[in-house]
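User: I have a model open and want to go through some local features. Please keep the answers short.

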Amino acid sequence: MEDKDGLESKLNKVRPVQLPECEAKYKFILLQVSAGAKQKLVIVGNPSFGYHSEIVDAYCRQLPLELEVKVLGGGLVRVRENRILAYDYSATYGPAPRFS
């Protein structure tokens, strides 16, 4: 069993925004990544995948196994001129919650 500080260190290394630097429209997912009681919201998008579940699978494979992942929802994201617009919903995971 890993100690609390080791888990939190792994969580701190997780980047909260993982979107490619290209102007495009593609699928994204919103995840809650946890290490014990500590949590972090992460948005992950990838134009290479046609399904939200493929994004989840690819992302989870790169994380340390000790971190827990919960999919909160997904949709489409459009990146243009340093602006990000998230909209629509995932047929598999539902819409991503809106935070203000």
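User: Where is glutamate 23 found?
Analyst: This is a predicted model. Glutamate 23 belongs to no strand itself; its place is the loop between S1 and S2.

User: Is glutamate 23 buried or exposed?
Analyst: The cut-off for exposed is over 50% relative accessible area. Glutamate 23 has 55%, so the residue is exposed.

User: Which residues does glutamate 23 touch, not counting residues up to four places away in sequence?
Analyst: Contact here requires heavy atoms within 4.5 Å. With residues up to four places away set aside, glutamate 23 touches Val79, Arg80 and Glu81.

User: What separates the C-alpha atoms of glutamate 23 and glycine 50?
Analyst: Along the chain, glutamate 23 and glycine 50 are 27 residues apart. In space, their C-alpha atoms are separated by 17 Å.

User: Which residues line the second largest pocket?
Analyst: Glutamate 23 is one of them, and its contacts Val79 and Glu81 are also in the lining. The full list is Val17, Leu19, Pro20, Glu21, Cys22, Glu23, Tyr26, Val79, Glu81, Asn82 and Ile84.

User: How do the residues of that lining divide, and what is the volume of the second largest pocket?
Analyst: The lining holds seven nonpolar, one polar and three charged residues. The volume of this pocket is about 150 Å³.

User: What is the phi of glutamate 81, and where does the residue sit?
Analyst: Most residues other than glycine have a negative phi. Glutamate 81 has a positive one, near 50 degrees. Its place is the loop between strand S4 (68–80) and strand S5 (83–87).

User: What is the phi of asparagine 82?
Analyst: Asparagine 82 is found in the loop between S4 and S5. It is not a glycine, yet its phi is positive, at about 60 degrees.

User: Are glutamate 81 and asparagine 82 buried or exposed?
Analyst: Glutamate 81 has 62% relative accessibility, so it counts as exposed. Asparagine 82 reaches 82% relative accessibility, so that residue counts as exposed.

User: How many disulfides does the structure hold?
Analyst: A disulfide needs a pair of cysteine sulfur atoms within 2.5 Å. Cysteine 22 counts as partly exposed at 30% relative accessibility. Cysteine 60 also has 30% and counts as partly exposed. The number of disulfides is zero.

User: Which residues of helix H2 are buried, and why are they on the same side?
Analyst: Helix H2 spans residues 52–62, and the buried ones are His52, Ile55, Val56 and Tyr59. They cover an arc of only 100 degrees around the axis, so they lie on the same side of H2.

User: What covers the buried residues of H2?
Analyst: Several strands take part. The cover includes strand S1 (17–18), strand S2 (24–35), strand S3 (38–45) and S4.

User: Which residues is lysine 70 in contact with, leaving aside its neighbours within four places?
Analyst: Lysine 70 lies in strand S4. Its C-alpha atom is separated by 8.8 Å from that of leucine 30, 40 residues apart along the chain. Beyond the sequence neighbours within four places, the contacts of lysine 70 are Leu30, Leu31 and Gln32.

User: Is glutamate 8 buried or exposed, and which residues is it in contact with, leaving aside neighbours within four places?
Analyst: Glutamate 8 is found in helix H1 (residues 4–12). At 19% relative accessibility it is under the 20% cut-off, so glutamate 8 counts as buried. Leaving aside neighbours within four places in sequence, its contacts are Ala35 and Lys38.

Key. Residues numbered from 1 in each chain as written. Predicted model: local features only at pLDDT ≥ 70, side-chain atom pairs only at ≥ 80, totals over all residues. Heavy atoms only, no water. Helix = DSSP H or I, 4+ residues; strand = E, 2+ residues; numbered from the N terminus. Buried < 20%, exposed > 50% of the residue type's maximum accessible area, 1.4 Å probe, protein only. Arc of directions from axis to C-beta. 1 Å grid on protein atoms, 1.4 Å probe; cavity = no way out; pocket = protein on both sides within 12 Å on 5 of 7 lines; lining within 4 Å. Points joined across faces, edges and corners; volume = space filled by probe spheres on them. Nonpolar A, V, L, I, M, F, W, Y, C, P; charged D, E, K, R; others polar.
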